[in-house]
Structure formats: C-alpha cells, structure tokens
Amino acid sequence: PERFRSPRFCEALQASASKIALVAIDEAHCISEWGHDFRPDYRRLGQVIAALKPPRLAAFTATATPEVRADIALQLGMAEHSLHVRGFDRPNLYYAVQKAGGAADKAQQLIDLVRMRDGGVALVYAATRKNAEAYAQALKKAGMRARVYHAGLEDNVREKAQDVFMAGKLDVIVATNAFGMGVDKSDIRLVVHADIPRSPEAYYQEAGRGGRDGKP
C-alpha cells in the first residue's frame, strides 16, 4: 500500500482504471485501527477504491474480530458485501505452553525445541530486538544455523536473512513482529513465542505460519 504515496503510481492506475476487473486486498486487518497489525498506509486504500470504482472488491485476512471486519467494510466503502468466515481450526497444529525458569533455562529450552523439531525450519518470535539478538546468539553457540531479523538491521541484512530462511538454509530464524508479512514457507515445523505475544490475534497470525504443508 505504500506505493499509493506516489502520485505517478496513482495516475498510472487511473489511466487503466477501466481495465481493472478486481481489486484484492491481503492482510486486510491492517486497514483497521482495531486490527492487531494496523498500518496507516492501508487506510489510503479506501480512497483508492473510491477513485478506481472496481467492479469487484475482495478483502482477505486470517485474523479479524467482528469489530475489525465491520471497520474493514466501513473503510473500504463496502456498503453491501457478503462475509465468508472459514473458521480457524488447523488440525495439524499442536499448541503448548512451557514454563521457563529464567533466561538461561529459556535459552536452553529454545535450543532443545529447535534441535528436536522434525525437519524443516523453526521460527522463534521475540518481543524486542535485544531479546531476538540474545536468543539467536544462544542458538548459534549451540551449533544451530541461526539468523536474526528485526527492524533495527540494515535492509540488506534483513533481506539476506529472509532469503536464506526461505531457501531452507537455516535451522532457525529469530525475529520480532517485523518479520511476517508475506511469509509463506510451507515447511515451518516449529513456531516458538519466546516472549508473550502482543495479543491473541497476533499469536494466532504468527502461530499460523507453521505447518502450511499440512504436516504436523
């Protein structure tokens, strides 16, 4: 959505507006200020839709409470719309909470979990950049192929981390919530929230990146 800041981009779209058959918006919860991952640039999409007047409009998200759904429809000007809720049961996902007795114990449990995963790759979420760096360092010391990803890194460093992760060249990536948008890797065998997630919606969105190949 950041592209819509560019007048030239908007003009190019306007010029071809009559050829646009469908506008589809992914991660639509970002439109709503009540969504767990609100991004102001998504708000601009309502103005874009009003200008383009596409004959079909669809908005998709894995996590939207009734309030968020209503706000998405309002912001996009969807006065008459049909709502499709598939449900969120993913029977191949197993959820568990583990108690940790301090930083050293938590680091050791992370190492054990990543080491015991059944193939694929592990994704560890941390609440802060400092924690992400610390967890990644502990995993590296244990001999894991580990990378860290957060908003404080240079763009090329973040891109390299995501590239090697997507290429299957890591055992684990440790990330803040800066990592996630557009991540669609099928063989994530383990998702660990090493720190408490920001909200139930954020937890579900991030946990749902595991097991997209349908395997346990």
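**Reading side-chain features in a predicted model**

Modeller: The structure holds 0 disulfides. Please bear in mind throughout that this is a predicted model.

Colleague: Why is there no bond for the sulfur of Cys10?

Modeller: In general, a disulfide is a covalent bond between the sulfur atoms of two cysteines. Here the closest cysteine sulfur to that of Cys10 belongs to Cys30, and because 19 Å lies between them, they are too far for a bond. Seen from Cys30, the closest cysteine sulfur is that of Cys10, again at 19 Å.

Colleague: Are Cys10 and Cys30 buried or exposed?

Modeller: Cys10 is partly exposed, its relative accessible area being 26%. Cys30, in turn, is buried, with a value of 0%.

Colleague: How should one read the aromatic pairs, and how many does a search of the whole structure find?

Modeller: A pair of aromatic rings is described by the distance of the centres and the angle of the planes. The search of the whole structure returns 2 such pairs. In one of them, Phe4 and Phe9, the ring centres are 5.2 Å apart and the planes stand at 65°, so the pair is edge-to-face. The angle decides this, because planes over 60 degrees apart count as edge-to-face.

Colleague: What relative accessibility do Phe4 and Phe9 have?

Modeller: Phe4 has 16% and counts as buried. Phe9 has 24% and counts as partly exposed. The two residues fall on either side of a cut-off, because buried means under 20% relative accessible area.

Colleague: Which pair is tilted?

Modeller: That is the pair of Tyr95 and Tyr203: their ring centres are 6.3 Å apart and their planes are at 50°, so the arrangement is tilted. This pair links distant parts of the chain, with the two positions 108 residues apart. Tyr95 lies in the loop between α4 and α5, whereas Tyr203 belongs to helix α8, residues 200-207. Tyr95 is partly exposed at 40% relative accessibility, and Tyr203 is partly exposed at 30%.

Colleague: Which charged end sits over the ring of Phe9?

Modeller: It is that of Arg3, placed 4.3 Å from the ring centre of Phe9. Phe9 thus has a part in two features: the edge-to-face pair with Phe4 and the charge of Arg3 over its ring.

Colleague: Let us turn to a polar side chain. Where is Asp71 placed, and is Asp71 buried or exposed?

Modeller: Asp71 is in helix α4, which covers residues 66-75. Its relative accessible area is 7%, and Asp71 is therefore buried.

Colleague: With which residues is Asp71 in contact, leaving aside its neighbours within four places in sequence?

Modeller: Those residues are Ser32, Glu33, Trp34 and Arg43. With Ser32 there is also a polar contact between the side chains, at 2.8 Å.

Colleague: How does one place these details in the whole chain?

Modeller: One begins with the secondary structure: the protein chain has 8 helices and 6 strands. Along the sequence they follow the pattern α-β-α-α-β-α-α-β-α-β-α-β-β-α. The C-alpha atoms fill a box of roughly 55 × 35 × 30 Å along the principal axes.

Colleague: What share of the residues counts as buried, and what share of the contacts joins residues 24 or more positions apart?

Modeller: Of the 216 residues, 39% count as buried. Among contacts with a separation of 6 or more, 71% join residues 24 or more positions apart. Finally, the accessible surface of the chain comes to about 12,900 Å², and carbon and sulfur atoms account for 53% of that area.

Note on methods:
Residues are numbered from 1 along each chain as its sequence is written. This is a predicted model: local features need pLDDT of at least 70, side-chain atom pairs count only at pLDDT 80 or more; totals for chains, interfaces and linings use all residues. Side-chain values use heavy atoms; hydrogens and water are left out. Helices (H or I, at least four residues) and strands (E, at least two) are DSSP runs, numbered from the N terminus. Buried means under 20% relative accessible area, exposed over 50%, partly exposed in between (1.4 Å probe, protein chains only). A polar contact is a pair of N or O atoms within 3.5 Å; within protein, one must be able to donate a hydrogen and the other to accept it, and residues adjacent in sequence count only if both atoms are side-chain atoms. Contact means heavy atoms within 4.5 Å. Rings of Phe, Tyr and Trp (its six-membered ring) pair if their centres lie within 6.5 Å; planes under 30 degrees apart count as stacked, over 60 as edge-to-face and the rest as tilted. A charge sits over a ring if NZ of Lys or CZ of Arg is within 6 Å of the ring centre and within 35 degrees of the ring normal. Accessible areas come from the Shrake-Rupley method with a 1.4 Å probe; for residues, only the protein chains shown count as cover. A disulfide is a pair of cysteine sulfur atoms within 2.5 Å.
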